[in-house]
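Here are some notes to read alongside the model. Each point takes up one part of the chain.

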Amino acid sequence: MRNKTALITGAAKRIGKSIAMHMAKNGFDIAIHYNSSKNDAIALQAFLMETYPDQKFKIFKCNLSRINDVETCMDKVLLHFEKIDVLVNNASVFDSGVIQETSVELLQNQMNVNLMAPFILCRDYAMNSQIGVIINLLDTRITTYSSSHAAYSLSKVAFAHLTKMSALEFSPAIRVNGIAPGATLPPENRGQSYLNKMAERTPMKEAGGILPILQSLDYILDNQNLTGQILFCDGGEQLL
Ligand SMILES: NC(=O)c1ccc[n+]([C@@H]2O[C@H](COP(=O)([O-])OP(=O)(O)OC[C@H]3O[C@@H](n4cnc5c(N)ncnc54)[C@H](OP(=O)(O)O)[C@@H]3O)[C@@H](O)[C@H]2O)c1
(Lines give C-alpha, C1' and ligand atoms only; values in the text may rest on other atoms or scores of the structure.)
Protein backbone atom coordinates (compact mmCIF):
# COMPACT_ATOMS: atom_id res chain seq x y z
CA MET A 1 0.00 0.00 0.00
CA ARG A 2 2.89 2.41 -0.74
CA ASN A 3 2.28 6.00 -1.88
CA LYS A 4 -1.37 6.03 -0.93
CA THR A 5 -2.78 8.94 1.04
CA ALA A 6 -5.76 9.16 3.37
CA LEU A 7 -7.38 12.36 4.61
CA ILE A 8 -9.07 11.64 7.95
CA THR A 9 -11.18 14.31 9.62
CA GLY A 10 -11.15 14.51 13.42
CA ALA A 11 -8.06 12.30 13.45
CA ALA A 12 -6.32 13.60 16.57
CA LYS A 13 -8.24 11.53 19.10
CA ARG A 14 -10.49 8.55 19.76
CA ILE A 15 -11.90 6.65 16.74
CA GLY A 16 -10.29 8.99 14.19
CA LYS A 17 -6.87 8.48 15.79
CA SER A 18 -7.32 4.68 15.75
CA ILE A 19 -8.21 4.85 12.06
CA ALA A 20 -5.15 7.03 11.37
CA MET A 21 -2.83 4.65 13.24
CA HIS A 22 -4.34 1.62 11.51
CA MET A 23 -4.06 3.13 8.03
CA ALA A 24 -0.52 4.34 8.70
CA LYS A 25 0.41 0.80 9.78
CA ASN A 26 -0.98 -0.36 6.43
CA GLY A 27 1.31 2.00 4.54
CA PHE A 28 -0.81 5.11 4.02
CA ASP A 29 0.48 8.64 4.19
CA ILE A 30 -2.00 10.55 6.35
CA ALA A 31 -3.47 14.05 6.25
CA ILE A 32 -4.44 14.44 9.92
CA HIS A 33 -7.30 16.90 10.25
CA TYR A 34 -8.09 18.45 13.66
CA ASN A 35 -9.88 21.47 15.05
CA SER A 36 -9.29 22.06 18.77
CA SER A 37 -7.00 19.11 19.60
CA LYS A 38 -3.76 20.64 18.33
CA ASN A 39 -1.50 19.00 20.91
CA ASP A 40 -3.01 15.58 20.27
CA ALA A 41 -2.62 16.08 16.50
CA ILE A 42 1.04 17.09 16.90
CA ALA A 43 1.69 14.12 19.20
CA LEU A 44 0.07 11.72 16.73
CA GLN A 45 2.05 13.18 13.84
CA ALA A 46 5.31 12.85 15.82
CA PHE A 47 4.54 9.25 16.77
CA LEU A 48 3.69 8.29 13.19
CA MET A 49 6.76 10.02 11.75
CA GLU A 50 9.00 8.18 14.18
CA THR A 51 7.28 4.81 13.64
CA TYR A 52 6.97 5.03 9.86
CA PRO A 53 9.85 7.29 8.73
CA ASP A 54 9.32 6.53 5.02
CA GLN A 55 5.73 7.82 5.07
CA LYS A 56 4.36 11.36 5.10
CA PHE A 57 2.18 12.78 7.88
CA LYS A 58 0.85 16.36 7.86
CA ILE A 59 -1.58 18.04 10.21
CA PHE A 60 -4.34 20.40 9.02
CA LYS A 61 -6.58 22.58 11.16
CA CYS A 62 -10.09 23.42 10.01
CA ASN A 63 -13.17 24.34 11.99
CA LEU A 64 -15.83 22.33 10.19
CA SER A 65 -18.63 24.48 11.63
CA ARG A 66 -17.29 27.42 9.55
CA ILE A 67 -18.51 26.61 6.08
CA ASN A 68 -16.26 29.17 4.36
CA ASP A 69 -13.23 27.47 5.92
CA VAL A 70 -14.45 24.04 4.81
CA GLU A 71 -14.64 25.27 1.22
CA THR A 72 -10.86 25.85 1.19
CA CYS A 73 -9.96 22.71 3.14
CA MET A 74 -9.48 20.26 0.24
CA ASP A 75 -7.30 22.72 -1.69
CA LYS A 76 -5.08 23.19 1.35
CA VAL A 77 -4.58 19.45 1.73
CA LEU A 78 -3.90 19.06 -2.00
CA LEU A 79 -1.09 21.61 -1.76
CA HIS A 80 0.81 19.05 0.31
CA PHE A 81 -0.38 15.74 -1.20
CA GLU A 82 -0.63 15.35 -4.97
CA LYS A 83 -3.70 13.11 -4.61
CA ILE A 84 -5.91 11.69 -1.89
CA ASP A 85 -6.75 8.02 -2.31
CA VAL A 86 -9.15 7.74 0.63
CA LEU A 87 -11.29 10.36 2.37
CA VAL A 88 -12.55 9.33 5.81
CA ASN A 89 -15.27 11.68 7.09
CA ASN A 90 -15.02 10.92 10.81
CA ALA A 91 -15.29 14.29 12.62
CA SER A 92 -18.58 14.91 14.35
CA VAL A 93 -20.32 16.67 17.21
CA PHE A 94 -22.67 14.70 19.44
CA ASP A 95 -25.06 16.96 21.33
CA SER A 96 -28.02 15.63 23.26
CA GLY A 97 -31.53 17.12 23.32
CA VAL A 98 -35.01 16.14 22.19
CA ILE A 99 -36.62 18.33 19.51
CA GLN A 100 -38.24 20.66 22.06
CA GLU A 101 -34.89 21.29 23.76
CA THR A 102 -32.97 21.97 20.53
CA SER A 103 -31.94 25.57 19.88
CA VAL A 104 -31.34 26.89 16.38
CA GLU A 105 -27.66 27.32 17.27
CA LEU A 106 -27.30 23.69 18.33
CA LEU A 107 -29.16 22.48 15.23
CA GLN A 108 -27.01 24.66 12.98
CA ASN A 109 -23.75 23.43 14.52
CA GLN A 110 -24.76 19.77 14.27
CA MET A 111 -25.77 20.22 10.64
CA ASN A 112 -22.65 22.18 9.73
CA VAL A 113 -20.14 19.75 11.23
CA ASN A 114 -21.96 16.44 10.62
CA LEU A 115 -23.59 17.10 7.24
CA MET A 116 -22.59 20.31 5.44
CA ALA A 117 -18.84 19.86 6.00
CA PRO A 118 -18.72 16.22 4.80
CA PHE A 119 -20.99 17.19 1.88
CA ILE A 120 -18.49 19.85 0.80
CA LEU A 121 -15.50 17.55 1.38
CA CYS A 122 -17.14 14.75 -0.66
CA ARG A 123 -17.98 17.21 -3.44
CA ASP A 124 -14.48 18.70 -3.55
CA TYR A 125 -12.88 15.25 -3.29
CA ALA A 126 -14.89 14.03 -6.29
CA MET A 127 -14.04 17.15 -8.28
CA ASN A 128 -10.32 16.60 -7.65
CA SER A 129 -10.01 12.81 -7.93
CA GLN A 130 -9.85 10.52 -10.95
CA ILE A 131 -10.34 7.52 -8.70
CA GLY A 132 -10.82 6.99 -4.99
CA VAL A 133 -12.75 5.83 -1.95
CA ILE A 134 -14.86 7.75 0.57
CA ILE A 135 -15.73 6.24 3.95
CA ASN A 136 -18.32 8.07 6.07
CA LEU A 137 -18.68 7.48 9.82
CA LEU A 138 -22.41 7.32 10.49
CA ASP A 139 -24.25 5.93 13.53
CA THR A 140 -26.62 3.04 14.20
CA ARG A 141 -29.08 5.73 15.40
CA ILE A 142 -29.96 6.34 11.71
CA THR A 143 -32.36 3.37 12.00
CA THR A 144 -34.40 4.70 14.96
CA TYR A 145 -36.84 7.53 15.60
CA SER A 146 -35.50 8.24 19.09
CA SER A 147 -35.13 12.00 19.49
CA SER A 148 -32.80 11.93 22.51
CA HIS A 149 -30.12 13.45 20.22
CA ALA A 150 -32.56 14.89 17.68
CA ALA A 151 -30.25 17.20 15.72
CA TYR A 152 -27.37 14.71 15.76
CA SER A 153 -29.57 11.83 14.58
CA LEU A 154 -31.09 13.92 11.79
CA SER A 155 -27.65 15.01 10.63
CA LYS A 156 -26.52 11.36 10.47
CA VAL A 157 -29.71 10.24 8.66
CA ALA A 158 -29.07 12.86 5.99
CA PHE A 159 -25.38 11.90 5.92
CA ALA A 160 -26.37 8.26 5.32
CA HIS A 161 -28.55 9.41 2.42
CA LEU A 162 -25.67 11.47 1.08
CA THR A 163 -23.48 8.35 1.27
CA LYS A 164 -25.76 6.46 -1.09
CA MET A 165 -26.54 9.47 -3.29
CA SER A 166 -22.84 10.23 -3.81
CA ALA A 167 -22.05 6.53 -4.37
CA LEU A 168 -24.41 6.67 -7.35
CA GLU A 169 -23.23 10.03 -8.69
CA PHE A 170 -19.50 9.40 -8.26
CA SER A 171 -19.47 5.85 -9.66
CA PRO A 172 -17.52 4.20 -11.17
CA ALA A 173 -14.53 6.41 -10.30
CA ILE A 174 -15.17 6.77 -6.59
CA ARG A 175 -16.68 4.24 -4.24
CA VAL A 176 -18.60 5.65 -1.27
CA ASN A 177 -19.56 3.57 1.77
CA GLY A 178 -20.53 4.16 5.37
CA ILE A 179 -19.69 2.60 8.71
CA ALA A 180 -22.43 2.92 11.32
CA PRO A 181 -21.06 2.25 14.81
CA GLY A 182 -23.10 1.56 17.88
CA ALA A 183 -21.73 2.41 21.31
CA THR A 184 -17.98 2.18 20.70
CA LEU A 185 -16.30 4.65 23.04
CA PRO A 186 -18.01 6.43 25.92
CA PRO A 187 -18.44 10.20 25.53
CA GLU A 188 -15.43 11.99 27.04
CA ASN A 189 -17.37 12.86 30.22
CA ARG A 190 -18.62 9.26 30.76
CA GLY A 191 -16.83 6.03 31.70
CA GLN A 192 -16.75 2.45 30.40
CA SER A 193 -19.67 1.46 32.68
CA TYR A 194 -21.94 3.83 30.70
CA LEU A 195 -20.90 2.03 27.51
CA ASN A 196 -21.33 -1.46 29.00
CA LYS A 197 -24.83 -0.55 30.15
CA MET A 198 -25.78 0.56 26.64
CA ALA A 199 -24.22 -2.56 25.08
CA GLU A 200 -26.15 -4.89 27.43
CA ARG A 201 -29.31 -3.83 25.59
CA THR A 202 -27.96 -4.94 22.18
CA PRO A 203 -28.32 -8.47 20.71
CA MET A 204 -24.58 -9.17 21.12
CA LYS A 205 -24.66 -7.87 24.75
CA GLU A 206 -21.10 -6.49 24.64
CA ALA A 207 -19.53 -3.30 23.28
CA GLY A 208 -17.50 -4.29 20.21
CA GLY A 209 -14.86 -1.59 20.64
CA ILE A 210 -12.94 -0.10 17.75
CA LEU A 211 -11.79 -3.37 16.11
CA PRO A 212 -15.04 -3.99 14.14
CA ILE A 213 -14.76 -0.47 12.72
CA LEU A 214 -11.19 -1.10 11.55
CA GLN A 215 -12.20 -4.49 10.11
CA SER A 216 -15.07 -2.83 8.23
CA LEU A 217 -12.74 -0.14 6.95
CA ASP A 218 -10.35 -2.80 5.59
CA TYR A 219 -13.25 -4.67 4.00
CA ILE A 220 -14.42 -1.50 2.25
CA LEU A 221 -10.90 -0.77 1.02
CA ASP A 222 -10.31 -4.36 -0.20
CA ASN A 223 -13.68 -4.93 -1.89
CA GLN A 224 -13.29 -3.13 -5.20
CA ASN A 225 -16.95 -3.65 -6.18
CA LEU A 226 -18.50 -2.36 -2.95
CA THR A 227 -20.28 0.99 -3.11
CA GLY A 228 -23.34 2.57 -1.50
CA GLN A 229 -23.22 0.18 1.45
CA ILE A 230 -23.53 0.91 5.15
CA LEU A 231 -21.76 -1.55 7.44
CA PHE A 232 -23.25 -1.56 10.94
CA CYS A 233 -20.73 -2.12 13.73
CA ASP A 234 -23.28 -2.14 16.53
CA GLY A 235 -23.66 -5.68 17.90
CA GLY A 236 -27.01 -5.92 16.10
CA GLU A 237 -28.51 -2.80 17.69
CA GLN A 238 -30.02 -1.76 14.34
CA LEU A 239 -32.31 -4.80 14.55
CA LEU A 240 -34.11 -3.57 17.67
N1 LIG B 1 -17.92 7.02 19.94
C2 LIG B 1 -18.94 6.24 19.64
O3 LIG B 1 -19.29 5.33 20.43
C4 LIG B 1 -19.67 6.41 18.35
C5 LIG B 1 -20.91 5.79 18.19
C6 LIG B 1 -21.59 5.95 16.99
C7 LIG B 1 -21.06 6.72 15.97
N8 LIG B 1 -19.85 7.31 16.15
C9 LIG B 1 -19.32 8.13 15.06
O10 LIG B 1 -17.96 7.78 14.83
C11 LIG B 1 -17.20 8.96 14.56
C12 LIG B 1 -16.05 9.09 15.56
O13 LIG B 1 -16.59 9.03 16.89
P14 LIG B 1 -15.80 9.69 18.11
O15 LIG B 1 -16.58 9.39 19.32
O16 LIG B 1 -14.35 9.32 18.05
O17 LIG B 1 -15.98 11.23 17.73
P18 LIG B 1 -15.75 12.51 18.69
O19 LIG B 1 -14.66 12.23 19.63
O20 LIG B 1 -17.07 12.95 19.24
O21 LIG B 1 -15.31 13.60 17.60
C22 LIG B 1 -14.25 13.35 16.70
C23 LIG B 1 -13.59 14.64 16.33
O24 LIG B 1 -14.50 15.50 15.66
C25 LIG B 1 -13.85 16.75 15.63
N26 LIG B 1 -14.77 17.89 15.58
C27 LIG B 1 -15.80 18.21 16.39
N28 LIG B 1 -16.27 19.44 16.09
C29 LIG B 1 -15.50 19.91 15.06
C30 LIG B 1 -15.45 21.13 14.34
N31 LIG B 1 -16.28 22.15 14.60
N32 LIG B 1 -14.52 21.25 13.37
C33 LIG B 1 -13.66 20.24 13.11
N34 LIG B 1 -13.63 19.09 13.77
C35 LIG B 1 -14.54 18.92 14.74
C36 LIG B 1 -13.07 16.87 16.93
O37 LIG B 1 -11.76 17.31 16.57
P38 LIG B 1 -10.89 18.19 17.63
O39 LIG B 1 -10.81 17.31 18.87
O40 LIG B 1 -9.59 18.40 16.96
O41 LIG B 1 -11.66 19.46 17.87
C42 LIG B 1 -13.11 15.46 17.51
O43 LIG B 1 -11.89 15.00 18.01
C44 LIG B 1 -18.18 10.13 14.60
O45 LIG B 1 -18.60 10.44 13.30
C46 LIG B 1 -19.33 9.61 15.43
O47 LIG B 1 -20.57 10.20 15.10
C48 LIG B 1 -19.16 7.18 17.31
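1. A helix here is a DSSP run of H or I with at least four residues, and helices are numbered from the N terminus. In that sense arginine 14 belongs to helix α1. The model is a predicted one, and what follows should be read as a description of that prediction.

2. Arginine 14 deserves a second look for its backbone. Its phi is positive, about 50°, although the residue is not a glycine. Is arginine 14 buried, exposed or partly exposed? With 17 other C-beta atoms within 10 Å, arginine 14 is partly exposed, because a residue counts as buried from 20 such atoms and as exposed at 12 or fewer.

3. The ligand has 25 residues around it. Gly10, Arg14, Asn35, Ser37 and Ser92 are the closest of these. Which element gives the largest share of the shell? That is helix α1, residues 14-25, with three residues. By type, the shell holds 12 nonpolar residues, 10 polar ones and three charged ones.

4. Strand β1 covers residues 4-8, and four of its five residues are buried. On one hand it pairs with strand β2 (residues 28-34): the two run parallel and are joined by five bridges. Within this pair, alanine 6 has isoleucine 30 of β2 as its bridge partner.

5. Strand β1 also pairs with strand β4, residues 86-89, again in the parallel sense, and here there are three bridges. Leucine 7 is bridged to leucine 87 in β4. A general point helps when looking at such strands: side chains in a regular strand alternate between the two faces of the sheet.

6. How do the helix and strands of the earlier points fit together? β1, α1 and β2 form a β-α-β unit, and the unit is right-handed. The helix in this unit, α1, is the one that supplies three residues to the ligand shell.

7. Helix α7 takes in residues 211-222, which makes 12 residues. From its first C-alpha to its last it reaches 16 Å, close to the 16 Å expected at 1.5 Å a residue. Which residues of α7 are buried? They are Ile213, Leu214, Ser216, Leu217, Ile220 and Leu221. Viewed down the axis of α7, these buried residues fall within an arc of 160°, so they line one face of the helix. Leu211 and Asp222, on the other side of α7, are exposed.

8. Lysine 205 sits in the loop between α6 (192-200) and α7. Its phi is positive, near 70°, and lysine 205 is a residue other than glycine. Lysine 205 is exposed, because it has 11 other C-beta atoms within 10 Å.

9. Glutamate 101 is in the loop between β4 and α4 (104-128). With 13 other C-beta atoms within 10 Å, glutamate 101 is partly exposed. How far apart are glutamate 101 and serine 148 in sequence and in space? They are separated by 47 residues in sequence, and their C-alpha atoms are 9.7 Å apart.

10. The last point is a peptide bond. Serine 171 and proline 172 are joined by a cis peptide bond, with omega at about 0°. Proline 172 lies in the loop that runs between α5 (150-170) and β6 (174-181).

Key:
Residues are numbered from 1 along each chain as its sequence is written. This is a predicted model: local features need pLDDT of at least 70, side-chain atom pairs count only at pLDDT 80 or more; totals for chains, interfaces and linings use all residues. A residue is near a molecule or strand if its C-beta atom, placed from the backbone, lies within 6 Å of it. Ala, Val, Leu, Ile, Met, Phe, Trp, Tyr, Cys and Pro count as nonpolar, Asp, Glu, Lys and Arg as charged, and the others, Gly among them, as polar. Two strands pair if DSSP finds at least two bridges between them. A crossover is right-handed if, with the strands pointing away from the viewer, the path from the first strand over the helix to the second runs clockwise. The expected span of a helix is 1.5 Å times one less than its number of residues. The arc is that of the directions from the helix axis to the C-beta atoms.
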